Amino acid sequence: MPLTTALAATMPLEGTEDTSNERICSRFAFDGGNRFLKYFDASGTVQTVQSCIKPLADWEDIEPDQHSVVIENQGQRYVVGSVAAEMHGTSTHQGNKAQLAAQLLPVALEPGHHRNRILIGTLVVATPDVRDTIAVHHLEKLAGTYQFKRNGETITAKINRVEVVEECRAAWKYATNHGGYRWPDAKNAVLDLGGGTALARIFTRSGSPIRTAEVKLPGTYDLAKRIAAALQAKAEYSPDTSLIMDAIATGTYRIGQRLHFEGIYQQCRRQWLEEVRGALREAWATHMDELGEVLVIGGSAELARDFVESTNGRFKIPNTPNPQHISLYGMLEG
């Protein structure tokens with residue numbers, strides 16, 4: 001079936017069965033975060049891949065695994081995921097994630113069973129601020145036809161159009177549509193604690209962000225940098241911030257066998273969260289009487305658990321979908 005004909009037809013939703021060799025998606029959500037790439041595979045299951053990329057030389061023989069993907073595209077060969085991190089690749093937060101999106105997107109374009117042609121009606125991607133026209137332009141250029149190898153398998157993908165959504169809004173929309181806010185007719189907010197940024201937005205009942213109340217602060221990579229600075233006195237070199245973030249995520253608070261930093265982490269975490277809380281108090285002072293609830297999301301939401309519990313329900317971390325994936329689900333809302 002020609003690509004244009006398939007896209008013009010009525011396309012089933014993500015994960016529905018199709019007897020051809022084509023995987024067809026009416027909407028496809030790709031969340032290219034600073035720490036993890038998130039997307040739905042052909043069965044509709046959320047997949048996460050570490051957002052780290054490492055170019056490969058011709059002589060480097062790298063095997064993909066369940067946490068890493070090898071891409072061959074336009075003369076370039078590179079690995080994305082945990083193997084890239086082990087090889088000291090470049091994390092997305094170290095570059096421009098809008099510009100890196102074209103290299104990272106093929107990771108999410110998984111073939112279904114015997115389906116190496118992927119047809120996407122609308123690719124939905126997120127950006128911190130839709131007013132950043134340069135970033136939006138980079139993302140809109142993701143529309144088009146691709147042919148590449150993913151883990152050695154040749155994939156042809158056609159993306160008909162790109163929809164760029166602003167971070168926080170997809171989570172707000174999902175929560176509003178699915179009973180996530182107790183007072184949906186009030187002003188409600190989202191606090192997204194991510195790797196690159198801690199971003200907070202209040203939304204009107206119709207879903208417009210109140211720009212004068214926005215808060216943008218460094219995310220948990222800034223927290224990791226503070227820990228790294230404190231650890232320099234114990235190490236012969238500056239510890240890798242990505243390794244620090246991994247150790248926080250696993251709860252080991254250890255790099256190798258020598259560096260254990262739980263005490264430093266707790267001190268730096270409290271300081272970082274207090275800065276976030278102070279910025280919210282200042283920016284939201286004139287809105288607090290009208291504010292319903294604040295949804296705390298992102299891969300680092302759990303780091304704020306004690307702060308959330310101290311607000312007597314004003315702030316809350318969602319259970320379903322989990323705070324790291326709720327934005328991805330919201331991007332499919334349409």
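This passage walks through a predicted model of one protein chain, from its overall build down to single residues.

Start with the chain as a whole. Its secondary structure adds up to ten helices and 17 strands. Along the principal axes, the C-alpha trace spans about 55 × 55 × 35 Å. The radius of gyration is 21 Å, which agrees with the value near 20 Å that a compact globule of 334 residues would have. Buried residues make up 51% of the 334 in the chain. The contacts reach far along the sequence, too: counting pairs at least 6 apart, 63% join residues at least 24 apart.

On the outside, the chain exposes about 15,700 Å², and carbon and sulfur atoms supply 48% of that area. As for charge, there are 35 positive and 39 negative side chains, with the centres of the two sets 4 Å apart.

Next comes the inside. The largest nonpolar core holds 43 residues, and the members that touch the most others are Leu191, Ile227, Ile244, Ile248, Phe261, Trp284 and Phe315. Several elements give two or more residues to this core: strand 11 (187–193), strand 12 (197–203), helix 6 (220–231), helix 7 (241–250), helix 8 (262–283), strand 16 (291–297) and helix 9 (305–309). Helix 8 provides the largest share, with eight residues. Leu191 gives a good look at how things meet here. Setting aside residues up to four places away in sequence, Leu191 touches Leu199, Ala200, Val276, Leu280, Val294, Leu295, Val296, Ile297 and Phe315. Apart from this core lies another one, made of 34 residues, including Ala108, Leu109, Ala135 and Val164.

Some polar and charged residues are buried as well. Take Glu214, which sits in the loop between strand 12 and strand 13 (215–218). With a relative accessibility of 16%, Glu214 falls under the 20% cut-off and therefore counts as buried. Beyond its neighbours within four places in sequence, Glu214 is in contact with Arg131, Ala200, Arg201, Pro209 and Ala283. Ala200 thus turns up among the contacts of Leu191 and among those of Glu214. Between Glu214 and Asp289 there are 17 Å from C-alpha to C-alpha, for a separation of 75 residues in sequence.

Asn73 belongs to strand 5 (residues 68–73). Its relative accessible area is 10%, so Asn73 is buried. Once neighbours within four places in sequence are left out, Asn73 has contacts with Pro106, Gln147 and Phe148.

Helix 6, one of the elements that feed the largest core, shows two kinds of surroundings. Asp222 lies in this helix and, at 18% relative accessibility, counts as buried. From Asp222 to Trp272 the sequence gap is 50 residues, while the C-alpha atoms are 8.6 Å apart in space. Ala229 is also found in helix 6, but here the relative accessible area is 48%, so Ala229 is partly exposed. The C-alpha atoms of Ala229 and Thr212 are separated by 33 Å, with their positions 17 residues apart along the chain.

Finally, a few spots in the backbone deserve a look. The peptide bond from Thr320 to Pro321 is cis, with omega near -15 degrees. Pro321 lies in the loop between strand 17 (315–316) and helix 10 (326–331). Two residues other than glycine have a positive phi: His88, near 60 degrees, and Asn312, near 55 degrees. His88 is in the loop between helix 2 (82–86) and strand 7 (90–91), and its 60% relative accessibility makes it exposed. Asn312 is in the loop between helix 9 and strand 17. At 72% relative accessibility, Asn312 counts as exposed.

Methods: Residues numbered from 1 in each chain as written. Predicted model: local features only at pLDDT ≥ 70, side-chain atom pairs only at ≥ 80, totals over all residues. Heavy atoms only, no water. Core = buried A, V, L, I, M, F, W, Y, C linked by side-chain atoms within 4.5 Å. Buried < 20%, exposed > 50% of the residue type's maximum accessible area, 1.4 Å probe, protein only. Helix = DSSP H or I, 4+ residues; strand = E, 2+ residues; numbered from the N terminus. Contact = heavy atoms within 4.5 Å. Rg over C-alpha atoms; globule rule 2.2 N^0.38 Å. Areas by Shrake-Rupley, 256 points an atom, 1.4 Å probe, with all protein chains shown as cover. Lys, Arg positive; Asp, Glu negative; His and termini not counted. Charge placed at Lys NZ, Arg CZ, Asp CG, Glu CD.
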